[in-house]
Amino acid sequence: MVHWSAEEKQLITSVWSKVNVEECGAEALARLLIVYPWTQRFFDNFGNLSSPTAIIGNPKVRAHGKKVLTSFGEAIKNLENLKATYAKLSELHCEKLHVDPENFRLLGDILIIVLAAHFTKDFTPACQATWQKLVGVVAHALAYKYH
Amino acid sequence: MVLSANDKTNVKNVFAKISGHAEDYGAETLERMFTTYPPTKTYFPHFDLHHGSAQIKAHGKKVAGALIEAVNHIDDIAGALSKLSDLHAQKLRVDPVNFKLLGQCFLVVVAIHHPSVLTPEVHASLDKFLCAVGNVLTAKYR
């Protein structure tokens, strides 16, 4: 089980309380699809992903980004119990969606960049370290039920 | 993975904007890497890794200098960094995974200090450039 210090929990909740989940989620997913274009393979039914502009403006991308980050919020509420929290989602991503877990790590890295741009100097090294740990642990929990 | 003409323009623009702070950003990149990815410290047992350390400043300047050299010769990064590539292969032998970690931290530093510069397209170009640099530095490993 992952241990979270009081300081880490504080860094997580204080950042999260200031995050606009819809905007941040949309931006993170759009950047994932732009920076790592091969990730578009999972979104054939999303319509126009032909350019960065198309991706950023795509309503399905925005909606899905919001969904993904909302789910991330669940992780933050259940830091002591991540594997159980994400068990069903993990099975879904394996059995139905067939998503290589490496993609969770890529999205995590992108989320860090989005947070850094948003919080600038407030995104201290300690903050970055805590959040990088968090996205790593979330990725691990999402991959846990893969078989 | 190939850098397009757009990628090269995007990368040159970023570095033009950060030119006055490159050394500081190099040091900050390293500090963030050591804090975020503790195993990276194993390559620097001889360093004082405290915040503000003179050794981190000096090494950050070197790292930034190498990136600038690569940008200035962006059509031939392998040629520009050939000696550095030899050094990493023969002497330093930093495991290839670490270049991505350094790259991630450099992107974070740019995002923090120049958030409006790091549009999604520029982010993509810069990420590709950093990957290319890492590939050159590990190209002669075996």
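Helices here are DSSP runs of H or I at least four residues long, strands are E runs of at least two, and both are numbered from the N terminus. Before you click, note that this is a predicted model, where local features need pLDDT of at least 70 and side-chain atom pairs count only at pLDDT 80 or more, while totals for chains, interfaces and linings use all residues. Residues are numbered from 1 along each chain as its sequence is written, chains are lettered from A and ligands numbered from 1 in the order in which they are written, and side-chain values use heavy atoms, with hydrogens and water left out.

**Stop 1: chain A, residues 3-147**

Select residues 3-147 of chain A, which UniProt lists as "domain: Globin" in an unreviewed entry. UniProt positions follow the numbering used here, feature names are shortened, and annotations may be inferred rather than shown by experiment. Colour that stretch by secondary structure: 70% of it is helix and 0% is strand, and the C-alpha atoms at its two ends sit 26 Å apart.

**Stop 2: helix α2 of chain A**

Now pick residues 21-35 of chain A. The expected span of a helix is 1.5 Å times one less than its number of residues. For the 15 residues of α2(A) that comes to 21 Å, and the end C-alpha atoms are 20 Å apart, which agrees. Look at the start of the helix, where Asn20(A) caps the N-terminal end: one of its side-chain oxygens is 3.1 Å from the backbone nitrogen of Glu22(A).

Is this helix mostly covered or mostly open? Mostly covered, with eleven of the 15 residues buried. Buried means under 20% relative accessible area, exposed means over 50%, and partly exposed is in between (1.4 Å probe, protein chains only). Among the buried residues are Cys24(A), Gly25(A), Leu29(A) and Val35(A). Show the neighbours too: the cover includes α3 (52-57), α4 (59-77) and α7 (102-119) of chain A, together with α7 (120-138) of chain B; contact here means heavy atoms within 4.5 Å.

Stay on this helix and show the side chains of Arg31(A) and Glu27(A). They form a salt bridge, with the closest N and O atoms 2.8 Å apart. The term means a side-chain nitrogen of Lys or Arg within 4 Å of a carboxyl oxygen of Asp or Glu. The two residues are four apart in α2 of chain A, about one turn of the helix. Arg31(A) counts as buried at 6% relative accessibility, whereas Glu27(A) is partly exposed at 32%.

**Stop 3: a pair in chain B**

Jump to Arg32(B) and Glu28(B), whose side chains meet in a salt bridge (3.0 Å, N to O). They are four residues apart in α2 of chain B, so about one helical turn separates them. Arg32(B) is buried at 3%, and Glu28(B) is buried as well, at 17%.

**Stop 4: where the chains meet**

Display both chains and select the contact: 21 residues come from chain B and 22 from chain A. About 1,900 Å² is buried between them, 62% of it from carbon and sulfur atoms. (Buried area is the accessible area, 1.4 Å probe, that two parts lose on being put together, summed over both.)

How many salt bridges link chain B and chain A? The count is one: Asp109(A) with Lys100(B), the closest N and O atoms being 3.8 Å apart. On the chain B side, α6(B) gives the most, with eight residues.

Select α6(B), residues 97-113, by itself. Its 17 residues should span 24 Å, and the end C-alpha atoms are 26 Å apart, which agrees. Twelve of the 17 are buried, so the helix is largely enclosed by the rest of the structure. Phe99(B), Cys105(B) and Ile112(B) are among those buried.

**Stop 5: α5 of chain B**

Finish at residues 82-92 of chain B, the helix that holds Ser85(B). Ser85(B) is buried at 1% relative accessibility. A polar atom of its side chain lies 2.8 Å from the backbone oxygen of Val136(B).

Next, show Asp86(B) and Lys140(B), a salt bridge with its closest N and O atoms 2.7 Å apart. Asp86(B) is in α5 and Lys140(B) is in the segment after α7 of chain B, so the pair ties together parts 54 residues apart in sequence. Both are partly exposed: Asp86(B) at 26% and Lys140(B) at 39%.

Conventions
A polar contact is a pair of N or O atoms within 3.5 Å; within protein, one must be able to donate a hydrogen and the other to accept it, and residues adjacent in sequence count only if both atoms are side-chain atoms.
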